[in-house]
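Biologist: I should like to learn how the surroundings of a ligand are read from a model. Might we begin with its polar contacts?

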Amino acid sequence: MKDNILPIKGHQVILGSRPHGLPKENDFEIKEFQVERPKKGEILIETHYLSADPFQRMRLNSSSGYGKTINLGETIKGRIAGKVIISENPEFNIGDFVEGMLGWKTYAISDGSNSRAEYAPGITKIDLNKAPISAWLGILGFPGITAYFSLIETGKLKKGNTVVVSAAAGAVGSIVGQIAKISDCKVIGITGSERKVDYLINKLNFTYAINYTEGNISKKIKKFAPDGIDIFIDNTGGPIADEVYENLRLNARVVLVGNISQNNQKNEIQRRDLQNMIMRTRATVAGFIVYDFEKRADEAREKLSSWIKEKKIRYDQTLEFGIENAPKAFISMLNGGNIGKQLIRLPVSIKENT
Ligand SMILES: NC(=O)c1ccc[n+]([C@@H]2O[C@H](COP(=O)([O-])OP(=O)(O)OC[C@H]3O[C@@H](n4cnc5c(N)ncnc54)[C@H](OP(=O)(O)O)[C@@H]3O)[C@@H](O)[C@H]2O)c1
């Protein structure tokens with residue numbers, strides 16, 4: 001065996017074929033690989049959790065809109081969290097936990113930098129005093145940082161506002177709604193099932209929740225917020241967003257965070273004249289990309305972890321087990337099978353508090 005090869009076999013998920021519409025499990029393949037020894041400056045990480053995120057769906061298209069596309073045969077781009085098992089970098093000790101965009105693999109090498117923009121191999125050290133390892137892919141990871149800054153900074157949250165959030169029971173939406181609620185706002189969540197409506201009202205304390213599959217979204221918002229809404233954190237785009245726009249109040253803020261409803265579409269859909277509604281309400285519409293807040297991520301983490309400790313915010317997770325089930329978990333998340341953050345846990349000896 002060559003010097004740079006370790007006697008360890010890893011597994012990775014690769015793209016076998018490009019999906020059209022909702023991906024199928026056989027669009028993905030599990031491939032074995034020989035784990036390499038990290039070079040000077042690098043670390044080797046044993047993966048404990050894979051993260052399943054909507055942005056990965058866009059990367060499966062031949063042209064992904066923003067960010068690089070994944071080529072056939074390439075490892076699925078995705079965030080992971082795990083333990084450092086070999087360190088050739090003085091900044092990291094064996095046993096440290098880290099998180100980063102290192103791809104869906106059971107072992108990964110990082111250069112140890114903290115450059116986290118798009119596909120940089122950089123990582124963030126996990127501080128277990130703030131929250132367990134899995135939370136660093138959810139509430140203390142990009143979903144939580146997205147929720148925090150999209151609502152507070154871009155959405156200009158004010159006490160007493162009426163806030164609408166779509167994909168409300170998911171990783172981003174569930175945190176948006178809870179932050180708004182503890183900021184004394186009226187919160188209306190839009191989600192895709194009665195089970196999730198019940199979760200939003202009874203577990204997360206949202207003021208109102210709407211099941212979009214039953215239709216009449218605009219009418220229901222009008223009933224819950226007769227004076228209109230101040231902030232719309234849009235995670236879905238598409239027809240759900242169209243109905244929310246009809247309820248914008250004067251000087252409302254709309255933050256375009258995601259358009260998951262369009263990600264699995266085969267054809268473009270007809271749009272209504274949304275520009276007219278924006279003009280009439282003098283609403284401010286802003287696009288949001290979490291990487292713009294990368295340098296301020298710790299500010300969000302401090303606040304979010306203190307809310308967790310004070311039991312003001314809860315974070316739920318939907319777990320699948322084993323790398324072979326990662327595609328299944330991803331497709332289930334795209335179909336609304338998750339409550340909170342969708343993760344895949346790998347069979348490593350994870351201590352109770354991690
Ligand atoms: N701009 C950024 O920097 C940034 C960063 C992170 C995430 N995002 C975006 O934020 C959104 C939420 O991400 P997340 O990680 O929190 O995912 P998530 O909400 O945990 O999971 C996705 C959810 O989307 C909903 N959904 C799927 N298809 C839908 C459809 N056709 N219409 C309406 N809802 C649909 C499902 O919930 P239901 O059961 O309710 O349908 C599903 O559970 C995504 O659009 C994502 O791309 C953006």
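Modeller: A polar contact is a pair of N or O atoms within 3.5 Å. Here, a polar side-chain atom of Asn338 lies 2.5 Å from an oxygen atom of the ligand. The backbone contributes too: a polar backbone atom of Val172 is 2.7 Å from a ligand oxygen, and a backbone N or O atom of Phe288 lies 2.7 Å from a ligand nitrogen. Taken alone, the ligand exposes 910 Å², of which the protein buries 89%; accessible areas come from the Shrake-Rupley method with a 1.4 Å probe.

Biologist: On what footing do these values stand?

Modeller: This is a predicted model, in which local features need pLDDT of at least 70 and side-chain atom pairs count only at pLDDT 80 or more, while totals for chains, interfaces and linings use all residues. Residues are numbered from 1 along each chain as its sequence is written, and side-chain values use heavy atoms, without hydrogens or water.

Biologist: How many residues surround the ligand?

Modeller: A residue is near a molecule if one of its heavy atoms lies within 4 Å of it. The ligand is surrounded by 26 residues, the closest being Lys196, Tyr212, Phe288, Val290 and Asn338. With Gly counted as polar, the shell comprises 13 nonpolar residues, 12 polar and one charged.

Biologist: Where does the ligand lie with respect to the domains?

Modeller: Domain bounds come from an automatic or database domain assignment. Domain 1 (5-138 + 316-345) and domain 2 (142-291) both give residues to the shell, so the ligand lies between them.

Note on methods
Polar contact = N/O pair within 3.5 Å; in protein donor to acceptor, adjacent residues only side chain to side chain.
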